Amino acid sequence: MSKLATVNPPPRFLVGIDTGGTYTDAVACDLTTTDVVNKAKVPTNHDDLGACVSTALRAVIDGSLVSASEIALVSISTTLATNALVEGVGRPAALIAIGFDDATLNRGGLKQVLDQDPVVSLRGGHSSHGQEIVPLDLTPLKMALTDIDSRVDAYAIVGSFSVRNSAHEAAVADLIRTATSKPVTCSHELSEQLNGPKRAVTALLNARLIALVNNLLLAVEASMASLEVTAPLMIVRGDGSLVSAAFVRHRPIETILSGPAASVLGSSALAGISDAVVADLGGTTTDVAVLVDGKPVSNSKGALVGDHATMIDAIRVHTAGIGGDSHVRNAEFDTPQLSIGPRRVIPLVVAAQDMDGVRQMLESQTRNPTPLDTDGIYVWLRDGASGWKARSKTEEHILQTLEGATSGCAYQDVVTSGLQRNAINRLLNAGVVAMAGFTPTDAMHVLERDVRYEPELAILGAHLLARQRDRFGQPLATSEVDMSEQVYRGVALKIATTILRAAGDHDDLPVEYMENPLVMQALPTAGIQRDGVLSMHVGLNRPLITVGAPAALYFPEVGRLLKTDFVIPEHFEVANAFGAATGMISLSTHITVSAPRRGLFRVHAGDDPKTFYELSRAQEFAELAAGEDVATKMVLAGADAYELSNHWATKEVVVADRPFFVEALLTTTATGRPSTTSI
């Protein structure tokens, strides 16, 4: 009798993973029907992403339902980059600016973004038609590299009109790559749009994110290998499309708003609604977007995250630093409300699971008759902190203090001055120090609406916060329950306000409309009976789809404030992961044809613009160049086959009753399904 050969079953499942700030979710869907067959949710451990991703993957690979060999594709949506920008987290990077003066660069808000990162200015640059106007001088960079290289993890390069001729950016990149092995980001590779200052901000943020996103990808790849999952790995971009891990390693900023984009797509499919407002409440942020015809509305001006305006194509989303793990503190003396977010901290009920010092701190501070605004805050060094080099004596003091407290200590035992507060904030932003404090998650445990953990430490935290004084010298709350109810209402109000801003932005209403005192008063008084003549109400004309793990806790109150029906679909807690699992690859290339003078047409592609005397010849060449460029991108992004489309937008002015050509923008878009063959 002959032996039968072992035959592996054909791939039958798509796996989606969402690495959120608080939870890592995984979902397995049928390849043909996209029905959810298994799902898992595990706490995100930022010090060991590999472990939590591996745990989530292992949980959905159930031998009776899904085996590793049957997985056709693994796709990730992540809030890592979004949260990093909202919280100010990122690795240090240097900016090399070519052909700009300081005043010009600062128009894009670069000064605030740079912080303490170095910048090197070089002579050079091109005109709007791609002609060199000043020769490139590399001498200052050669002299500066020795000094700055040890202080940065990556480099960003921006050149004047580099989208019309990228030769100077390419020359600087070659020099840096020859002198150092660190990653280099060129601004023209991220956006084909003009506006050098904004491209500078985009390139610098991308450089800061490279190490963070690469560490995530390495962790996921290691967990897949350990589980013998050989399927291709894809990542969701900010516009909702998928790309390969290799593609996004060099362009991590394109994953900003990845989580919200996947959430919108997943929410629409799960709810069966194609026109709606989608609100996704996570641990760190709340993301709100508008859904039209089953697709998220895009932001033509570039993604705006926190205070950062970028040039990255992404969905038109409003992201607020409010979530289940937002830090709740006493507000500054000139503001009347509690401060909730944007910093994310570990909830007290969660931190206490691994650190006995949290309980000891809370009990000790409760016995202290004098309330302090630092009560209830616990800090410790994160794994890998030993590799951080202190940038000042103040930072060095904080690190030494925390090294002596192996399991952490109370914030007030580390920070006793304004200098130390600023220093520890930098260490928190850099991911060197971790913090625990009172959060909405703790408040919900006090109110017994969340029962995952024992509520005792949440009650102690609420007590410490409640006895702190407001600007009038009165306690913030009368009891732990009163304190937690205030937090609950405060979170719901912030979410409702974000939803209104997103709706107003979609309707192209000026921002001041949504900040009108009547509008701001209409929300918190919703549902309250008034004796006056005036009735105030603001709400939505579209259904509200609500997803995210805490959605069921907060959106009944949000719906009441907005007087709006809301839908919580099945599998709402893993909508992001579902959207990731079922996504498509879609990439675009943009090429501009300008007219330096009448009858002359210049195609700006790469570092060697081509000139033609007939517009049709110029357009033909542009379409060919764009097709080749997008084909290269699609292969790197992980697509075997795709459909191609070209769209021209032409600008003309009328001179003496005759049309005069100014420029034309070609957008070439390719769309296809991810390959299920490992690349």
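This report covers salt bridges, one buried arginine and the internal cavities of a predicted model.

**Salt bridges**

The model holds 26 salt bridges. Three of them are set out below, with the distance between N and O atoms.

| Acidic residue | Basic residue | N to O distance |
|---|---|---|
| Aspartate 117 | Arginine 208 | 2.8 Å |
| Glutamate 395 | Arginine 426 | 3.4 Å |
| Glutamate 485 | Arginine 449 | 3.0 Å |

Aspartate 117 forms a salt bridge with arginine 208. This pair links distant parts of the chain, 91 residues apart. Aspartate 117 sits in the loop between helix H4 (110-114) and strand E6 (119-122). Arginine 208 belongs to helix H8, residues 196-226. Aspartate 117 is buried, at 10% relative accessible area. Arginine 208 is buried too, at 15%.

Arginine 426 pairs with glutamate 395 in a salt bridge. Arginine 426 is in helix H14 (residues 418-429) and glutamate 395 in helix H13 (residues 393-404), so this bridge ties together parts 31 residues apart in sequence. Glutamate 395 is buried, with a relative accessible area of 1%. Arginine 426 is partly exposed, at 29%.

Glutamate 485 and arginine 449 also meet through their side chains in a salt bridge. Glutamate 485 lies in helix H17 (residues 480-506). Arginine 449 lies in the loop between helix H15 (440-446) and H16. The two are 36 residues apart. Glutamate 485 is partly exposed, with a relative accessible area of 22%. Arginine 449 is partly exposed as well, at 36%.

Salt bridges can also share partners. Arg237, Asp239, Arg251 and Glu254 are joined into one network in this way.

**Arginine 602**

Arginine 602 is buried but has no salt bridge. It lies in strand E28, residues 600-604. The nearest side chain of opposite charge is that of aspartate 608, 8.7 Å away. A salt bridge needs the nitrogen within 4 Å of a carboxyl oxygen, so aspartate 608 does not qualify. A backbone atom does come within reach of the arginine 602 side chain: the oxygen of histidine 129 lies 2.9 Å from one of its polar atoms. Beyond four places in sequence, the contacts of arginine 602 include His129, Gln131, Thr592, Val593 and Lys610.

**Cavities**

There are 3 cavities of 30 Å³ or more. The largest cavity holds about 90 Å³ of space. Its lining has 13 residues. Nearest its centre are Val328, Asp375, Ile377, Leu465 and Gln468. Strand E19 (326-329) and helix H16 (456-466) are the elements that give two or more residues to this lining.

Note on methods: Residues numbered from 1 in each chain as written. Predicted model: local features only at pLDDT ≥ 70, side-chain atom pairs only at ≥ 80, totals over all residues. Heavy atoms only, no water. Helix = DSSP H or I, 4+ residues; strand = E, 2+ residues; numbered from the N terminus. Buried < 20%, exposed > 50% of the residue type's maximum accessible area, 1.4 Å probe, protein only. Lys, Arg positive; Asp, Glu negative; His and termini not counted. Polar contact = N/O pair within 3.5 Å; in protein donor to acceptor, adjacent residues only side chain to side chain. Contact = heavy atoms within 4.5 Å. 1 Å grid on protein atoms, 1.4 Å probe; cavity = no way out; pocket = protein on both sides within 12 Å on 5 of 7 lines; lining within 4 Å. Points joined across faces, edges and corners; volume = space filled by probe spheres on them.
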